[in-house]
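User: Could you take a close look at one part of this model for me? I'd like a connected walk through the cysteines and then the packing of a helix pair with its loop.

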Amino acid sequence: MARFLAVRLQLVHYGKSFVEERCLFEVDHKQDNLFSKSDSLQPPPFALVSQYACQRRTTIENHNKAFTDAFEILAENYEFRENKGSCLAFRRAASVLKSLPFTVATLGDVDGLPGFGDQIKGIVEEILEDGESSKVKEVLNDGWHKSIKLFTSVFGVGLKTAVKWHKLGIQTLKEIKEDKNLRLTNMQTAGLQHYEDLIGGVSNAEADEITLLVKEAVCTFLPDAVVTLTGGFRR
């Protein structure tokens, strides 16, 4: 009858200490043979990743963009369909992969990672084998998803309004603007009117220009004030 020799490994990663108990050797009493259960004492990926997002450091470079992009598309689709559980599961999986300092190359690389169940592993496996996910492709080609994504990108438009417009057979923003029977809120009217400006990103030059305007206004009242641009532009 065999028994197992277990050891406790104290792992330190990203400033966080983890304790993991691993079975390294199997001991056969009859033959007194020692069989190694591990070729290396290197900790597996899941031992280095906390299940809590606040304890994970996201690397500047996303090494797993092919997977995280797919997860975020599926999460968005589940959000549109008000499936909160699946939406949260895929968002968490994307967050975990973004924190990895390496690119996932085999299915074994995600074994034991927090939140990686059979469904999510299936997506990973398909992308590894085929370069894309059939489920993601299906979502991107779905007319309903396209309409809801377009409508909810308008400032002031929520999911219920987007679904209502889709049920009315509306497919484009131009149709919304031209439909006199639709009652739009002030925010929706502004969102449609300034749609291109609102969905576009702010350039560094524009951010610097706005900073100067704010600084001039603030210093008019508080000459000694320090105005600093923060957020992504500062990073």
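Analyst: Happy to! Starting with disulfides, this predicted model holds zero of them. As for individual cysteines, C87 is buried, with a relative accessible area of 9%, under the 20% cut-off for that class. C219, by contrast, has a relative accessible area of 27%, and this value makes C219 partly exposed.

Now to the helix pair. Helix α2 covers residues 84-98 and helix α3 covers residues 118-130. Their axes come within 11 Å and cross at roughly 55°. That angle is neither under 35 degrees nor in the 65 to 115 range, so α2 and α3 are oblique to each other. The crossing of the two helices is right-handed.

Which residues in α2 and α3 meet? On the α2 side they are A89, F90 and A93, and their partners in α3 are Q119, I120 and I123. Sorted by class, this contact has five nonpolar residues and one polar residue, with no charged ones.

Between α2 and α3 runs a loop, and T103 has its place there. Is T103 buried or exposed? The answer is partly exposed, because its relative accessibility is 47%, and a residue counts as exposed over 50%. T103 also touches residues elsewhere in the sequence: leaving out those up to four places away, its contacts are H63, N64 and D109. Take H63 from that list: H63 and T103 are 40 residues apart in sequence, yet their C-alpha atoms are 5.0 Å apart in space.

Terms used:
Residues numbered from 1 in each chain as written. Predicted model: local features only at pLDDT ≥ 70, side-chain atom pairs only at ≥ 80, totals over all residues. Heavy atoms only, no water. Axes fitted to C-alpha atoms, helices over the stretch in contact; angles between N-to-C directions. Helix = DSSP H or I, 4+ residues; strand = E, 2+ residues; numbered from the N terminus. Parallel < 35°, antiparallel > 145°, perpendicular 65-115°, else oblique. Left-handed = near helix turned anticlockwise from the far one by under 90°. Contact = heavy atoms within 4.5 Å. Nonpolar A, V, L, I, M, F, W, Y, C, P; charged D, E, K, R; others polar. Disulfide = S-S within 2.5 Å. Buried < 20%, exposed > 50% of the residue type's maximum accessible area, 1.4 Å probe, protein only.
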